[in-house]
Amino acid sequence: MPSAQTAPPPMLATLGDVPTGSGWAFEWKWDGQRAIAVVRSGECRLFSRNGNEATNSFPELAEVLSGALRGREGIVDGEVVALDEKGRPSFSRPQRGMHVQRPTAQLRAAAPVSFFAFDVLEVDGQSTTGLPCLERRAMLTDLVTPGPRVQVPPHQTDVDGPKMLDLAREHGLEGVVAKRVDSTYRPGRRSPAWVKTPLRNNTEAIVIGWVDGTGTARDGVGSLLLGTYDDDHRLVYIGHVGTGFTTAGRRALRQQLARIERPTRHPTRSTCRASTEPH
């Protein structure tokens, strides 16, 4: 397990049709920002999917997560989620704070976020990654005390997958994640034991910038920053996309963008097709 300065990379789901048959646990796919919470010695540190620290971006979550474990220690996998005016998850809202170090109280009030916990990697210094999915879920429920800013969303084992997807569509959710009930947690691995079935929405977006890659992608683009014009013809930030690229593609894209980089704030109106699916 990692030191207090790091966090393990999260396990990733494969993209596919919603599974049918027995042996699966179904969860809603939340339209948020993946995060790993490391709680030790009464303090919580948050890390992004890429291993970058995000504690300063969401200090209110770090504070409540410290208390939610009631003095115990653990590493929890989850998602930073913000709800829109209709109570539906909004991916763009938590993005307002993700790349801001020490956001103001005004920014946090404008986009209040919660932490939705759905897995646990360590409890009181003992790794839980080798345990079956349902056993880890039971340990997570015992470890985390829910509250206004911390939730442990339910999972279902006795439902039909396609019906779950229909319900997600009906309620404006992002989709469904299915997990084998006996699956272990494999940090940093994309496993067929987890299957994500998003209800995809496509939109035209303007590439307004990029975030440099880290690790094996350090010489390329980590993610593209996207914007679009609102009803008042103002260019507004709508999120980022960082998946679906090969290592070579990231490098080539970084070189291409560097050639057209400009110091002004308004980009050219070059557009790209991008999925609203964040991960």
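With which residue does Arg-40 form a salt bridge, and how far apart are the closest N and O atoms? In this predicted model, the partner of Arg-40 is Glu-122, and the closest N and O atoms of the pair are 3.2 Å apart. Because Arg-40 belongs to strand S3 (residues 33–40) and Glu-122 to strand S6 (residues 114–123), the salt bridge ties together parts of the chain that are 82 residues apart in sequence. Glu-122 has a relative accessible area of 4% and is therefore buried, the limit being 20%. In general terms, side chains of opposite charge can pair when their charged atoms come close.

The count of salt bridges in the model comes to 12. Among them is the pair formed by Asp-212 and Arg-254, whose closest N and O atoms are 3.2 Å apart. This pair likewise links distant parts of the chain, Asp-212 being in strand S11 (residues 202–212) and Arg-254 in helix H6 (residues 247–259), 42 residues apart. Asp-212 is partly exposed, with a relative accessible area of 44%, and Arg-254, at 25% relative accessibility, also counts as partly exposed. Elsewhere, Glu-27, Arg-137 and Lys-179 are linked in a network of salt bridges.

A further salt bridge joins Arg-45 and Glu-53, with the closest N and O atoms 2.4 Å apart. Arg-45 is partly exposed, its relative accessible area being 23%, and Glu-53 counts as partly exposed at 36% relative accessibility. Glu-53 is situated in the loop between strand S4 (43–48) and helix H1, and its C-alpha atom is separated by 9.4 Å from that of Ile-36, a residue 17 positions away along the chain. In addition to the polar contact of 2.4 Å that the side chain of Glu-53 makes with the side chain of Arg-45, a polar contact of 2.8 Å joins the side chains of Glu-53 and Thr-55.

Thr-55 is likewise placed in the loop between S4 and H1, but this residue is buried, with a relative accessible area of 13%. A polar atom of the Thr-55 side chain lies 2.9 Å from the backbone nitrogen of Leu-46. When residues up to four places away in sequence are not counted, Thr-55 touches Cys-44, Arg-45, Leu-46 and Ala-62. Arg-45 thus appears both among the residues touched by Thr-55 and as the salt-bridge partner of Glu-53.

Helix H4 (residues 133–143) has as its buried residues Cys-133, Arg-136, Arg-137, Leu-140 and Leu-143. These residues lie on the same side of H4, because they cover an arc of only 125 degrees around the axis. As a general property, an α-helix has 3.6 residues a turn, so residues three or four places apart point the same way. The elements that cover the buried residues of H4 include strand S2 (24–28), helix H1 (59–68), strand S5 (74–81), S6, strand S9 (175–180) and strand S10 (190–198). Arg-137, one of the buried residues of this helix, is also a member of the salt-bridge network with Glu-27 and Lys-179.

An open sheet is formed by 4 strands in the order S1-S10-S9-S2, with mixed pairing. Its edge strands are strand S1 (12–15) and S2, each of which pairs on one side only. On average, neighbouring strands of this sheet are turned by 35 degrees against each other, direction ignored. S1 and S10 pair in the parallel sense over 4 bridges, and Ala-13 stands opposite Ser-191 in S10. Helix H5 packs on the sheet, where it touches S2, S9 and S10, and the direction of H5 makes about 5 degrees with that of S2.

Within helix H5 (residues 161–170) is found Ala-168, which is buried, with a relative accessible area of 0%. Not counting residues up to four places away in sequence, Ala-168 touches Trp-28, Leu-173, Gly-175, Val-176 and Leu-199. The C-alpha atoms of Ala-168 and Glu-27 are 10.0 Å apart in space, although the two residues are 141 residues apart in sequence.

Note on methods. Residues are numbered from 1 along each chain as its sequence is written. This is a predicted model: local features need pLDDT of at least 70, side-chain atom pairs count only at pLDDT 80 or more; totals for chains, interfaces and linings use all residues. Side-chain values use heavy atoms; hydrogens and water are left out. A salt bridge is a side-chain nitrogen of Lys or Arg within 4 Å of a carboxyl oxygen of Asp or Glu. Helices (H or I, at least four residues) and strands (E, at least two) are DSSP runs, numbered from the N terminus. Buried means under 20% relative accessible area, exposed over 50%, partly exposed in between (1.4 Å probe, protein chains only). Contact means heavy atoms within 4.5 Å. The arc is that of the directions from the helix axis to the C-beta atoms. A polar contact is a pair of N or O atoms within 3.5 Å; within protein, one must be able to donate a hydrogen and the other to accept it, and residues adjacent in sequence count only if both atoms are side-chain atoms. Two strands pair if DSSP finds at least two bridges between them. Axes are lines fitted to C-alpha atoms, for helices over the stretch in contact, and angles run from 0 to 180 degrees between N-to-C directions.
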